[in-house]
Amino acid sequence: MAIIDRVKWDGSPSQLAWKYPSQELSTGTQLIVNESQAAFVVRDGVYEGPFGAGRHTLSTSNLPLLRKLVGLPFGGQSPFSAEVWFVNLASTLDVRWGTPDPIQLQDPKFGIMVPVRAFGQYGIRIDDPKLFLMSLVGTARSMDAATLAEYFRAMNTTRIKTAIAGAVGESGVSVLEISTRLDALSITLKGVLAVEMAKYGVALTEFSIESINVPETDPAVQTLKAALARRAEMNIVGFDYQQERRFDVLQTAAGNQGSAGTVLGAGMGLAMGSALGASVGQMTETIAPAAHGERLALLRDLAALREQNILTDAEFDAEKKRILA
């Protein structure tokens with residue numbers, strides 16, 4: 001194989017590290033390094049460099065590992081076998097990430113287990129090219145952003161899942177409302193992941209969560225959305241959950257046969273607008289003395305309200321006295 005007298009980058013822009021295809025060099029070989037690149041000469045597992053932007057003549061002055069070749073009868077151009085690695089130092093900003101399977105989270109507001117997926121992208125820059133080559137590239141012929149993302153995928157996914165689960169739990173915000181906090185969560189995750197990537201000579205320059213979503217067809221998600229819709233409806237009309245339950249019980253009682261049902265039905269409007277005890281009191285005060293059977297029916301309805309913890313014992317006793325008076 002011919003001795004190479006000039007070595008320069010010939011990789012694609014997407015590659016982070018690229019190895020020159022020939023290893024037959026000489027002590028007069030010209031090494032050309034572009035801006036935003038660094039180069040290393042590797043012989044017998046020893047890295048010499050980095051060589052920065054410009055033209056470099058490979059010689060014993062900048063390659064100490066070649067000093068033992070001095071004096072060999074090759075006209076001052078001692079041949080040797082070595083690898084030349086180029087590292088792309090430019091930032092790569094479009095590395096995609098995503099959770100390969102849903103994160104099972106308990107919604108902090110409603111206690112329902114919901115599957116959650118997250119997607120986004122991040123940017124990287126090779127900050128320590130020698131560490132990057134030694135720890136990640138190894139004996140491969142090249143390394144691009146997609147391959148690097150695959151290396152980091154398992155590590156990042158675990159930490160992303162943990163961080164999202166922690167953020168949802170601490171915020172008290174429903175999973176369906178967490179999208180309002182993506183910026184803060186992205187900053188938190190960047191800090192966590194940057195520490196891990198730095199161990200391999202990679203700087204995390206950007207990190208963003210574009211979406212945290214849930215599968216629309218999942219039964220738990222449908223239940224959660226129905227609960228949020230119901231809560232919004234009650235907020236609009238000025239109801240809370242306990243008031244709605246009281247209204248439901250009164251509606252059921254109003255549908256019963258007999259005068260007791262008629263009396264409770266007539267009082268539903270009062271129950272919606274004021275406290276239940278006062279409402280029942282106003283209803284019973286309008287009742288003319290009823291027959292024995294009708295009084296028993298009304299007492300049964302009041303007992304049901306007490307069993308539902310809607311009426312206290314004291315309120316029940318007061319209404320009972322009014323009915324039996």
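In which sense do β1 and strand β4 pair, and over how many bridges? In this predicted model, the two run in the parallel sense, and 3 bridges hold the pairing. Strand β4 covers residues 30-33, and its Leu 31 sits opposite Val 7. Both strands belong to an open sheet of 3 strands, laid out in the order β1-β4-β7, with mixed pairing. At the edges we find β1 (6-8) and β7 (54-57); each has a single partner strand, so one side of each is left without a neighbour in the sheet. On average, and ignoring direction, neighbouring strands here are turned by 20° against each other.

Next come strands β11 and β12. They run antiparallel and are joined by 4 bridges, with β12 spanning residues 113-126. Strand β11 (residues 103-106) shows a neat alternation of side chains: Ile 103 and Leu 105 point to one face and are buried, whereas Gln 104 and Gln 106 point to the other and are not. Gln 106 also has a counterpart across the pairing, standing opposite Met 113 in β12. The hairpin made by these strands has 6 residues between them, and Gly 111 takes a positive phi there, near 70°.

Now for the aromatic rings. In general terms, a pair of such rings is described by the distance of the centres and the angle of the planes. The model holds 8 aromatic pairs. One of them joins Trp 18 and Tyr 20 edge-to-face, at 6.1 Å centre to centre and with 85° between the planes; the angle earns that label because it is over 60 degrees. Both partners are buried: Trp 18 has a relative accessible area of 11%, and Tyr 20 has one of 14%. Trp 18 pairs with Phe 86 as well, this time in a tilted arrangement, with 5.9 Å centre to centre and 35° between the planes. That pair links distant parts of the chain, since Trp 18 lies in strand β2 (residues 15-19) and Phe 86 in strand β9 (residues 83-88), 68 residues apart. Phe 86 has 0% relative accessibility, so it counts as buried. Taken together with Trp 9, the residues Trp 18, Tyr 20 and Phe 86 are linked by ring pairs into a cluster.

Two helices round off the picture. Helix α3 (residues 182-198) has 17 residues, and its first and last C-alpha atoms are 24 Å apart, close to the 24 Å expected at 1.5 Å a residue. Its buried residues are Leu 182, Leu 185, Ser 186, Leu 189, Leu 193, Glu 196 and Met 197. These pack against β12, α2 (145-171) and β14 (202-213), and β12 is the strand that pairs with β11 in the hairpin.

Helix α10 (residues 313-324) has 12 residues and should span 16 Å at 1.5 Å a residue; the end C-alpha atoms are indeed 16 Å apart, which agrees. Here Phe 316, Glu 319 and Ile 323 are buried. Seen down the helix axis, the buried residues of α10 fall within an arc of 70°, so they line one face of the helix. The background is familiar: an α-helix has 3.6 residues a turn, so residues three or four places apart point the same way. On the other side of α10, Asp 313, Ala 314 and Lys 321 are exposed.

Definitions and conventions. Residues numbered from 1 in each chain as written. Predicted model: local features only at pLDDT ≥ 70, side-chain atom pairs only at ≥ 80, totals over all residues. Heavy atoms only, no water. Buried < 20%, exposed > 50% of the residue type's maximum accessible area, 1.4 Å probe, protein only. Pairing = 2+ DSSP bridges. Phe/Tyr/Trp six-rings, centres within 6.5 Å; stacked < 30°, edge-to-face > 60°. Expected span 1.5 Å × (residues − 1). Contact = heavy atoms within 4.5 Å. Arc of directions from axis to C-beta. Axes fitted to C-alpha atoms, helices over the stretch in contact; angles between N-to-C directions.
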